[in-house]
Every structure is written in C-alpha cells, then in structure tokens.
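Trainee: I would like to learn how to read helix features from a model. Please take me through one.

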Amino acid sequence: MFGAERARQMRAHLLEFAARAGVEGMVVPEHKPNTRRALALAEHARDRGRLDEVRQGLMDAYWREGLDIEDGAVLARVARAGGLDPVAALSAIEAPDVLARVDAMGAEAARAGVTGIPTFDIGERRVVGAQPYPVLAAEAEAAGARRRA
C-alpha cells in the first residue's frame, strides 16, 4: 500500500510517537490486516454488550502481541477473553447481516471523506491520524476554541 521504505518509516515514527505518549510494549506488525472480520466481531460483541472487552482485546492482540487479526484462531481467542462464545462469534462474523453493517459503516466513512483512523472533525477542520495533543489543540484553537483558564 505504501511501499516497503515508507512503511518502515511509518513504523519507526509510530513507535517513537507511542513512546513519547508513554505507551510501552507496543508492536507494529509488518502485515496490515484486512479488518473486516475483526470489525464484524466488534459488531457481534456490541450486540451482546461486550464491545469494550472485545475492542480492547483486538487492540492488544494487534498492537501489543503483533497477532494477525484476520486469523480465525486469534479472533476466537479475543471473543473468548471478551466473554463471548468463540464458536458463535466466528459464525456471526461471517453472517451477511453483520458484514453488511460493517460494510455500511465503511461506506458512510468514505462518503464523509474519511481517509484514515482516527479522523477528527474540529469545526470545519479535519485532522487525520494519531496526532500529538499540541497538534489537536492548535487545530481546535484555529477552529475557534479557547483554552480554559
């Protein structure tokens, strides 16, 4: 997607950014996964009141353990740790209605012009990607926000 050299630079930048923010133990996997099934697992978890647990499990699996979140065994492990039946979860993430919800959210984001995650819309301004607090604060001020005393 970005080319090997650009991806290497982005990984290095992300690790430095995380370290400056106090995040320790982060892994930046070489493989950029297709997250459709992971997002379907999150939707299945949302329906069962377990979204926070599963979302955290997916983040830890990818960013802390460097696991492939396309892999069914990884998704089953995350589901189980998140309080879900892993067999039912793996079945649900292939269900047409769940996948349609994931696809609809992606289409909605594309229509809104979202090109990266996270995306912050601040007034009429848009900031894409993980940014340090001073960048977000400057954008908010440029959009008319005032700092608290």
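Trainee: Which residue follows helix 1, and what is the sign of its phi?

Mentor: Gly22 follows helix 1, and its phi is positive, near 85°. Helices here are DSSP runs of H or I with at least four residues, strands are runs of E with at least two, and both are numbered from the N terminus. The model is predicted, so local features need pLDDT of at least 70 and side-chain atom pairs count only at 80 or more, while totals for chains, interfaces and linings use all residues. Residues are numbered from 1 along each chain as its sequence is written, and side-chain values use heavy atoms, without hydrogens and water.

Trainee: Which residues of helix 1 are buried?

Mentor: An α-helix has 3.6 residues a turn, so residues three or four places apart point the same way. In helix 1, Ala7, Arg11, Phe17 and Ala18 are buried (under 20% relative accessible area, with exposed over 50% and partly exposed in between; 1.4 Å probe, protein chains only). These four lie on the same side of helix 1 because they cover an arc of only 130° around the axis, taken from the directions from the axis to the C-beta atoms. Ala19 and Arg20, on the other side, are exposed.

Trainee: At what angle do the axes of helix 2 and helix 3 cross?

Mentor: They cross at roughly 160° and come within 8 Å. Axes are lines fitted to C-alpha atoms over the stretch in contact, with angles from 0 to 180 degrees between N-to-C directions. Helix 2 and helix 3 are therefore roughly antiparallel (over 145 degrees; under 35 is roughly parallel, 65 to 115 roughly perpendicular, the rest oblique).

Trainee: Where is Pro118 found?

Mentor: Pro118 is in the loop between helix 6 and strand 1, and a cis peptide bond with omega about -5° joins Ile117 to Pro118.
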